[in-house]
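Grab a pencil and work through these short exercises. Try each task before you read its solution.

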Amino acid sequence: MILGNLKTIDGRTISIEINENIISKVYYDKKLGKDLEGRLVIPGFVDSHAHIDSNFLLDVCEPVESTKFIEVLERLVECKENLSVDQIYSLSKKSIEYYLLNGSLFVRTHIRINGKKGLERLKIANKLKKEYNNLIHLQIIGFFESENYFDEDSKELIYKAIEVSVDGLGAEPHLQPSLEDRKRLIKFLFDAAIENKLKLDFHADYSDDPNSRVSEIIVSEALKRGIKGVSLSHLVSLHSYNQDYAERLMKWMKNADVNVIVAPITELEESGSFENYPKKRGLPRVNELLEHGINVAIGHNDIQNHFNPLGIGDMLHAIFTLAISDYMFFPTQIEKLFYMATYNGAKALQLEKYGMAENMPANLVILDAKSPIDAVRKSSPARLVISNGKLVHSGGISL
Ligand SMILES: [Zn+2]
């Protein structure tokens, strides 16, 4: 089968031949096979920041009436803690089905390992990873949330999570009480990740506080140990740093080859919560990060829970939000946003097989749009999704 007359993100005409589950041939500037009328094609969205164990909580719990950040967080955690094993499984499975329909074929999910049923949540995520192995690449980060103090028991818990199986480790060190605690947690995770050949993805400086500065510790550890590809998720404080400090940090971030993963929908929802007007709208200076040559990827983050009652997990909603909120709405920048939601995500997740090249697995999403900006204008256009050579969703586009 040849899917013909498609457009790449950078506007080239492409025709793609698929043989079973492999891309067998790629023809540039040729319109062969089935005419797909110049629709935009990508090798699947990469959703670089998800919590499949936090999605669709509003299916089973009451929405919170308060708009106060802390109260909302408490209700979310309470809901999550009281889910049955069956509910955790079915809501996580629903998340995966939504990702597939939206063409997010590569998803990095953080799974909260502390609190009630932490390791059970992790086992369920691993079970689903196996069940959907042929359709979606699910990458699991064992996530130590900081409502617990990082003590000896926490170390045991993290070791147990590694035994269950994780692709990487993460935590939110900026929420530990002292600088000393933050450093201990970061160093421990680097040690454990190196020892077990795991990836690292921190919820880093997810705060409006210009004095929240754990990213510099993470960058320093990465440099000291020569570890490339560590991810800093959110990094909202970068918005609030003074320019002098921000410039120096970004220089070292580039040297350490870290990734930044921005989740614009929830970052905007949560930023400014502790401030009176004027409130910060904290996004981590995406344009400046890109100018410094730092790899920036995008995550949709939570879907339909207390924090984010909106959303269906469509990466185009995350792209749209970032375009408007961080001055990235011009056509060339929309192109950059598409790269962030595809190839940059593949780099952040350290995917070995990603792209529309010969002998790659046939993972393709064909959007009912002529270009990246046309897709963003439509906000959530129909799409055809092929995963591993299998038609997952036609979106009304006939082959
Ligand atoms: Zn998160």
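**Exercise 1: two domains**

Task: find the domains and say how they meet.

Solution. Start with the split: domain 1 covers 2–43 + 355–393, and domain 2 covers 45–348; such bounds come from an automatic or database domain assignment. Keep in mind that this is a predicted model, where local features need pLDDT of at least 70, side-chain atom pairs count only at pLDDT 80 or more, and totals for chains, interfaces and linings use all residues. Residues are numbered from 1 along each chain as its sequence is written.

Next, look at the touching sides: 18 residues of domain 1 are in contact (C-beta atoms, placed from the backbone, within 7 Å) with 20 residues of domain 2. On the domain 1 side, α13 (372–378) gives the largest share, 4 residues. Helices here are DSSP runs of H or I with at least four residues, and strands are E runs with at least two, numbered from the N terminus.

**Exercise 2: strand β11**

Task: are the residues of β11 (259–262) buried or exposed, and which strands pair with β11?

Solution. First, the faces: Asn-259 and Ile-261 on one side, and Val-260 and Val-262 on the other, are all buried (20 or more other C-beta atoms within 10 Å of a residue's own, against 12 or fewer for exposed, with C-beta atoms placed from the backbone).

Now the neighbours. Strands pair if DSSP finds at least two bridges between them. β10 (231–234) runs parallel to β11, with 3 bridges, and Ser-233 sits opposite Ile-261. β12 (295–298) is also parallel to β11, over 4 bridges, with Asn-295 as the partner of Asn-259.

Note on methods
Two residues are in contact if their C-beta atoms, placed from the backbone, lie within 7 Å.
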